[in-house]
Amino acid sequence: MSQQPLETVFQEWHDNQALAEQMIPLIGSLYRHNNVVTTLYGRSLFNRSVIRILKDHRFVRKVEGTELSVQDTLPLVQAMTELNLGPAHVDVGKLGVAFKKRGGGDAKAFLREELAEIVDGHDSSGNNGQSKDVVLYGFGRIGRLLARVLVEKAGGGNLLRLRAIVVRGRGDIAKDLEKRASLLRRDSVHGPFDGTISVDYEARTITANGNVIQVIYADKPSDIDYTAYGIDNAVVVDNTGIWRDEAGLGQHLECKGVSKALLTAPGKGDIKNIVFGINHGDIAADDTILSAASCTTNAIVPVLKVLNDEYGIETGHVETVHAYTNDQNLIDNYHKGDRRGRSAPLNMVLTETGAAKAVAKALPELGGKLTGNAIRVPIPNVSMAILNLTLGRETDAEALNDYLRRMSIDSSYQKQIDYVDSPEVVSSDFVGNRHAGIVDAKATIANGRQAVLYVWYDNEFGYSCQVVRILQHISNVHFLKLPRAQA
């Protein structure tokens, strides 16, 4: 390569950086002023760095087979800021590809056609709905990640307000508050909190990026009157797993200021186990206790759903290779569960999972068709589900992967199913992935009616994002998703 092409490539990179820098304040204005969340093939552009925006543009080549650069998308984003748009999730990547295929032209005229449902839909009075108070009961792994997601999404028409967390008292309240804040501020798996955190010891609050979060100390739900903290009609998200039936979770509903309870674990009895994107339509207005099912159920159900719709599933086995959890022991010690007393960082631990049976609660048509088991392995996060299936009709790996790729980029399951086609990815590459599950195309095996699929999932962060989607749904936070999915 001659010196001139080298300089040309380097200059092009710098030019694209400059364009991405121009795009960032426009994306922020659309989010805060118009409640428009911009994405690029499902990947949020809001609050992202220049490099991340450029990488996400590069990602389009992998899923669409065509190049897309900030030179293509910046004119669209600029035009969007001039159209007085109403609230929506707008995929700038898909619009950019469509605009290029059309041959370019007048960006504003193109968007008036593609985004007709929201053009001139902005309500300047700010009357975009009533916010919903959220309380996190328990502040462990899932609780703290939920806090991060809720704080990140504050504003932009999200309407969910994290008002309080509930923890048990630990003696020295000032020291306890500092430790809670520190755990939110720093995370060994997910990295540092993106923003600022401060503590008011007298008020017993933690303020994260301007969100004032009351810390309530209580040993049981009946100890709390939420209205005393100005909290009313709240959804309590129970992250403790102590209570999983209606009687136990019903304690939250007896507290003043609480209207609903959401469990971040599989519910027992008649509690609806919800996998957002699949059966959230089953939630009735008068449902006061719900379950967000398990991380594994959330990972596998969307993939099983689309496979069953297209091919039919006759039987199958789900083997989960799961990161160890806080329930296990660091070193060998007594544990009431079989094998879980052995050292988690030193062993693969064969254990049971209810995920296969739980599938039937979200997909009744698969009831009795699946078996399951789990192996806990010595990593702290990101798991994998191996789906060994007998399908209703024959296929091959190429056709199966092509179908799943299309489902991941252009269907109503775009937030649930991600897709990767790289021979080099490993578990750590999926830390922070916001999808319920990620299909590993290179590992897919299909021969006739037999198929084996490998589905990665961030069992902490991806699951937390699914929980927040349920919170948005039950709080009547509904956004149009444009352009409309084709499948």
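The following legends describe close-up views of a predicted model.

**View 1. The nine-stranded open sheet.** Nine strands are arranged as an open sheet with mixed pairing, in the order 6-7-8-5-4-9-10-12-11. Strand 6 (197–200) and strand 11 (272–273) are the edge strands, each pairing on one side only. Within this sheet, strand 9 (residues 234–238) and strand 10 (residues 258–263) run parallel and are joined by five bridges. Asp238 stands opposite Leu263 of strand 10.

**View 2. Helices 8 and 12 against the sheet.** Helix 8 (residues 246–253) packs on the sheet, where it touches strand 4 (132–137), strand 9, strand 10 and strand 12 (289–291). The direction of helix 8 makes about 140° with that of strand 10. Helix 12 (residues 461–474) lies across strand 4, strand 5 (160–167), strand 9, strand 10 and strand 12. Relative to strand 10, helix 12 runs at about 155°.

**View 3. Ser464 and its surroundings.** Ser464 is found in helix 12. The relative accessibility of Ser464 is 0%, and this residue therefore counts as buried, the limit being under 20%. Leaving aside residues up to four places away in sequence, Ser464 touches Ile142, Leu145 and Leu146.

**View 4. Antiparallel pairing around strand 16.** Strand 16 (residues 383–396) pairs with strand 13 (residues 313–323) in the antiparallel sense, over eight bridges. In this pairing, Glu319 has Ile386 of strand 16 as its bridge partner. Strand 16 is also joined to strand 19 (residues 445–457), to which it runs antiparallel, by ten bridges. Here the bridge partner of Asn388 is Val452 in strand 19.

**View 5. The largest nonpolar core, centred on the contacts of Leu304.** The largest nonpolar core comprises 81 residues, and Leu304 and Leu387 are those with the most contacts inside it. When residues up to four places away in sequence are not counted, Leu304 touches Ile313, Val359, Leu363, Leu366, Leu370, Leu387 and Leu389. A second core, separate from this one, has 41 residues and includes Ala20, Tyr31, Val60 and Met80.

**View 6. Packing of helix 9 with helix 10.** The axes of helix 9 and helix 10 (residues 355–362) are 9 Å apart, and the two helices pack at an angle of about 60°. Helix 9 and helix 10 are therefore oblique to each other, and their crossing is right-handed. On the side of helix 9, the contact is made by Thr296, Thr297, Ile300, Val301 and Leu304. Helix 10 contributes Ala355, Ala358, Val359 and Ala362. Leu304 and Val359, both named in this contact, also touch each other in the list of Leu304 contacts given for View 5.

**View 7. Packing of helix 9 with helix 11.** Helix 9 (residues 295–310) and helix 11 (residues 397–409) have axes that come within 11 Å and cross at roughly 120°. These two helices are therefore oblique to each other. The crossing of helix 9 and helix 11 is right-handed. Val303, Val306, Leu307 and Glu310 are the helix 9 residues that meet Leu400, Tyr403, Leu404 and Met407 in helix 11.

**View 8. Asn84, a non-glycine residue with positive phi.** Asn84 is not a glycine, yet its phi is positive, at about 55°. This residue lies in the loop between helix 3 (70–80) and strand 3 (88–91). Asn84 counts as partly exposed because its relative accessibility is 33%, a value that falls between the limits of 20% for buried and 50% for exposed.

**View 9. Asn209, a non-glycine residue with positive phi.** Asn209 has a positive phi of about 50° without being a glycine. The loop that holds Asn209 lies between strand 7 (205–208) and strand 8 (211–217). With a relative accessible area of 36%, Asn209 is partly exposed. Strand 7 and strand 8 are neighbours in the strand order of the sheet shown in View 1.

**View 10. The cis peptide bond at Pro483.** The peptide bond that leads from Leu482 to Pro483 is cis, and its omega is near -5°. Pro483 is found in the segment after strand 20 (481–482).

Conventions:
Residues numbered from 1 in each chain as written. Predicted model: local features only at pLDDT ≥ 70, side-chain atom pairs only at ≥ 80, totals over all residues. Heavy atoms only, no water. Pairing = 2+ DSSP bridges. Helix = DSSP H or I, 4+ residues; strand = E, 2+ residues; numbered from the N terminus. Buried < 20%, exposed > 50% of the residue type's maximum accessible area, 1.4 Å probe, protein only. Core = buried A, V, L, I, M, F, W, Y, C linked by side-chain atoms within 4.5 Å. Contact = heavy atoms within 4.5 Å. Axes fitted to C-alpha atoms, helices over the stretch in contact; angles between N-to-C directions. Parallel < 35°, antiparallel > 145°, perpendicular 65-115°, else oblique. Left-handed = near helix turned anticlockwise from the far one by under 90°.
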